[in-house]
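Student: I have a model open and want to go through its geometry. Can you walk me through the backbone, the helix packing and a pocket?

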Amino acid sequence: MTTIARRTQDLTVSRAPFVHATVVRAQDPTSARPGDDAVILPDGTIEGFVGGMCAENSVRAAALDTLRDGKALLLRVLPDGAPAFPDTPGARVVVNPCHSGGALEIFLRPVLPVPVLGLVGDTPIGAAVATLAAFLDFEVAASGDFSGATAVVVAGLGKGEQDAIRAALDAGVGHVALVASRKRGAAVLDELALSDAERARVRTPAGLEIGARSPQEIALSIMAEVVRALRVDGLASSPALPAALPQQAVDPVCGMTVLVGPDTPHVRIDGTDHWFCCPGCRDRHVAA
């Protein structure tokens, strides 16, 4: 197993978000070769190799964008004025202003922690939900600690429901599904004296209306509603991702997008900050 493969495995186990970058095509002259890979962390750190400084700046900026939207991206780093690679619909094209003159295609795959489903209730419905959630690649947590959970299903059927709902809401869970009839569910929530904002985060009866009868069918309706909340309603699924990713700026000399950090070449002129991909661009800007 390569060093990067071990690193990706460790990051996945620790539920840390990252981007796996792989060079899929290279056009000489360039220092990277097909198969070279790296991981990019949310702070912009690159571990591994996918090209020199100019390529790294473009990879770093594009990788953080994939962490924001969770979508894989093909990045084409092309030299200015050189013959283009074949058209690739949906790819992002950036111009490499460095003198090497090479070109690269790099596939960026964001790897985000799998969503966590909190589950309360040792009942047939709870067991069916656990089985289906695992099949859908959710991590099922039945410990009662809902920190980091995407959704919580309360299937105690009268046991420990109010405490579980309160704990889930206090943990910031955006989707709490209470398995109960409409009448009983409303009574449980009335006793909790929830605010309007909290009440909007609780679904009862839990699940989509599909005429479900068996525990397995009820679990299907519940998980369908959770998936809809994730994919359609925009329910956050990766609480481990930092709320604020590093600031980006455009180098006024070469036009490259760079991440703003303590080591980024920088100058302040007439009260305006300017950030650069390298000291050379900074010095040319100052001289001009």
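Tutor: We will take the backbone first, then helix packing, a pocket and some single residues.

Student: What should I know about the model and the numbering?

Tutor: This is a predicted model, where local features need pLDDT of at least 70, side-chain atom pairs count only at pLDDT 80 or more, and totals for chains, interfaces and linings use all residues. Residues are numbered from 1 along each chain as its sequence is written, and side-chain values use heavy atoms, with hydrogens and water left out.

Student: Backbone, then. Is the bond from Thr-204 to Pro-205 cis or trans?

Tutor: The Thr-204 to Pro-205 peptide bond is cis, with omega near 0°. Pro-205 sits in the loop between β11 (202-203) and α7 (215-231). Those labels are DSSP runs, numbered from the N terminus: helices are H or I with at least four residues, strands are E with at least two.

Student: Why flag a cis bond?

Tutor: Because most peptide bonds are trans, and most residues other than glycine have a negative phi.

Student: Where is Asp-137, and what is its phi?

Tutor: Asp-137 has a positive phi, near 70°, and is not a glycine. It lies in the loop between α3 (124-135) and β8 (139-141).

Student: And what about Ala-193, what is its phi?

Tutor: Ala-193 has a phi near 55°, again a positive value in a residue other than glycine. Its loop runs between α5 (182-192) and α6 (196-199).

Student: Asp-137: buried or exposed? Ala-193: buried or exposed?

Tutor: Asp-137 is exposed, at 55% relative accessible area. Ala-193 is exposed too, at 64%. The cut-offs are under 20% for buried, over 50% for exposed, and partly exposed in between, with a 1.4 Å probe and protein chains only.

Student: Switching to helices. At what angle do α4 and α5 pack?

Tutor: Helix α4 (residues 161-170) packs against α5 at about 65°, with the axes 10 Å apart. Axes are lines fitted to C-alpha atoms, for helices over the stretch in contact, and angles run from 0 to 180 degrees between N-to-C directions.

Student: Which residues make that contact?

Tutor: From α4, Glu-161, Gln-162 and Ile-165. From α5, Arg-184, Val-188, Leu-189, Glu-191 and Leu-192. Contact means heavy atoms within 4.5 Å.

Student: How does that contact split by class?

Tutor: Four residues are nonpolar, one is polar and three are charged. Ala, Val, Leu, Ile, Met, Phe, Trp, Tyr, Cys and Pro count as nonpolar, Asp, Glu, Lys and Arg as charged, and the others, Gly among them, as polar.

Student: Glu-191: buried or exposed?

Tutor: Glu-191, in helix α5, is exposed at 60% relative accessibility. Glu-191 and Gln-162 are 29 residues apart in sequence and 8.4 Å apart, C-alpha to C-alpha.

Student: Pocket time. What is the volume of the second largest pocket?

Tutor: About 340 Å³. On a 1 Å grid over the protein atoms alone, a pocket is an open set of points where a 1.4 Å probe fits, with protein on both sides within 12 Å along at least five of seven lines; lining residues have an atom within 4 Å of a point. Points are joined across faces, edges and corners, and the volume is the space filled by probe spheres set on them.

Student: Which residues are closest to the centre of that pocket?

Tutor: Of the 22 lining residues, the closest to the centre are Asn-57, Arg-60, Leu-259, Asp-263 and Thr-264. Two elements give two or more residues, α2 (53-69) and β13 (257-259). The largest share, five residues, comes from α2.

Student: What classes make up the lining of the second largest pocket?

Tutor: It has 12 nonpolar, six polar and four charged residues.

Student: Staying on α2, what does Ser-58 touch?

Tutor: Leaving aside neighbours within four places in sequence, Ser-58 is in contact with Leu-75, Val-77, Val-94 and Met-256. Ser-58 is in helix α2 and counts as buried, at 8% relative accessibility.

Student: And which contacts does Glu-56 have?

Tutor: With the same neighbours-within-four exclusion, Glu-56 contacts Ile-46 and Gly-51. Glu-56 also belongs to α2 and is partly exposed at 22%.

Student: Last one: Ala-103, buried or exposed?

Tutor: Ala-103 is buried, at 0% relative accessibility, and is in strand β6 (residues 103-111).
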